[in-house]
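Colleague: I have this model open, and I would like to go through the reasoning behind its labels with you. Shall we look at it together?

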Amino acid sequence: MSNILYAPLSQATFESSAVAKVESPLTVTELARQLLPLKVTNKEIDSGLKRIYWLGNYTHKKKSKSVDNCKQNNQLKRILGLSRPPKNVLSYLDAMKLNELWVSYIKKIINFDDLRKRGWDGTPGCKHWEALLTSLYKCDFHGAHIKVISSKCCSYIMVAGVIILETKNTFQIIGVDNKLKTIPKEQCIFELNLEGYFIQLYGKHFIIRSKDRSKKKLKENLILEL
């Protein structure tokens with residue numbers, strides 16, 4: 001096997017291709033001067049060949065890691081004990097005062113008198129039903145009085161009380177026994193009484209923080225299950 005990687009073309013090859021044999025190879029600058037029109041000056045050719053393209057000098061800049069303020073705030077809340085309400089301090093009567101504030105708040109969010117005037121009759125799928133559920137989904141539930149009507153864990157069924165703290169995965173409520181109870185949202189169905197209308201909320205759709213839920217778009221299949 002030959003160690004020769006390449007060899008110059010023979011004279012016969014040049015003659016068959018009708019290309020003149022180059023005795024001395026030209027540089028890129030000399031070739032450009034021969035091929036380009038006469039109006040292009042040598043100075044323009046030299047500056048064009050020396051041009052630096054930005055893609056050739058592009059270097060990837062690493063983004064500096066920004067400090068996550070949310071994580072710092074969460075750590076501070078844990079240290080101060082703000083993520084867990086104090087036990088045996090709040091009573092059901094105190095929670096009902098919070099519920100009164102929530103009732104006045106929800107009346108501003110959902111105006112049932114106006115809905116009834118526009119043809120809303122309270123049956124699922126009726127006129128303006130989606131608008132009602134969208135407003136209800138995005139509202140704040142701190143102070144709402146809820147009751148668990150269905151759950152895979154039978155000990156949660158029929159547990160009722162006022163929500164004093166909502167986290168991503170749980171509702172923390174105080175019932176008539178003045179005890180703080182933590183109810184997981186997933187696998188539970190809650191009942192909410194709004195001016196005589198009993199609305200069932202599927203907890204699996206509320207596994208999100210309340211401040212993030214207000215920005216989230218409500219899906220159509222979620223509306224059917226609310």
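The two of us now talk through confidence, one helix and one sheet.

Modeller: Before we start, this is a predicted model, where local features need pLDDT of at least 70, side-chain atom pairs count only at pLDDT 80 or more, and totals for chains, interfaces and linings use all residues. Residues are numbered from 1 along each chain as its sequence is written, and side-chain values use heavy atoms, with hydrogens and water left out.

Colleague: How do you know where confidence is lowest and where it is highest in the protein chain?

Modeller: By pLDDT, the predictor's confidence in each residue, from 0 to 100. The chain has a mean of 77, and 66% of its residues reach 70 or more. Helix α9 (residues 220–225) is lowest, at a mean of 52, while strand β1 (residues 145–151) is highest, at 94. Where pLDDT is low, the predicted coordinates should not be read in detail.

Colleague: What makes a stretch count as a helix or a strand?

Modeller: Both are DSSP runs, numbered from the N terminus: H or I over at least four residues for helices, E over at least two for strands. The protein chain has 9 helices and 6 strands.

Colleague: How do you know whether the length of α5 agrees with its number of residues?

Modeller: The expected span is 1.5 Å times one less than the number of residues. For the 18 residues of α5 (residues 92–109) that gives 26 Å, and the end C-alpha atoms are 25 Å apart, so the two agree.

Colleague: Which residues of α5 are called buried?

Modeller: Tyr92, Ala95, Asn99, Trp102 and Ile106. Buried means under 20% relative accessible area, exposed over 50%, and partly exposed in between, with a 1.4 Å probe and protein chains only.

Colleague: And why do you place those buried residues on the same side of α5?

Modeller: Because they cover an arc of only 65° around the axis, the arc being that of the directions from the helix axis to the C-beta atoms. On the other side of α5, Leu93, Lys97, Glu100, Leu101 and Lys108 are exposed.

Colleague: What do the buried residues of α5 pack against?

Modeller: Their partners are β1, β2 (160–166), β3 (170–174) and β5 (188–194), where contact means heavy atoms within 4.5 Å. The helix α5 lies across these strands, running at about 75° to β2; axes are lines fitted to C-alpha atoms, for helices over the stretch in contact, and angles run from 0 to 180 degrees between N-to-C directions.

Colleague: What makes β4 and β6 edge strands?

Modeller: The 6 strands form an open antiparallel sheet in the order β4-β3-β2-β1-β5-β6. Each of β4 (180–184) and β6 (197–202) pairs on one side only, and strands pair if DSSP finds at least two bridges between them.

Colleague: How many bridges does β5 form with β1?

Modeller: The antiparallel pairing of β1 and β5 runs over 5 bridges. Among the partners, Ser150 is bridged to Ile189, Val148 to Phe190, and Ile146 stands opposite Leu192. On the β2 side, Ile146 has Gly161 as its bridge partner. The antiparallel pairing of β5 and β6 runs over 6 bridges, with Leu194 opposite Tyr197; these strands form a hairpin with 2 residues between them, and Glu195 in the turn has a positive phi of about 50°.

Colleague: Why is β5 called largely enclosed?

Modeller: Because 6 of its 7 residues are buried, β5 is largely enclosed by the rest of the structure. In the protein chain, 26% of the 226 residues count as buried.
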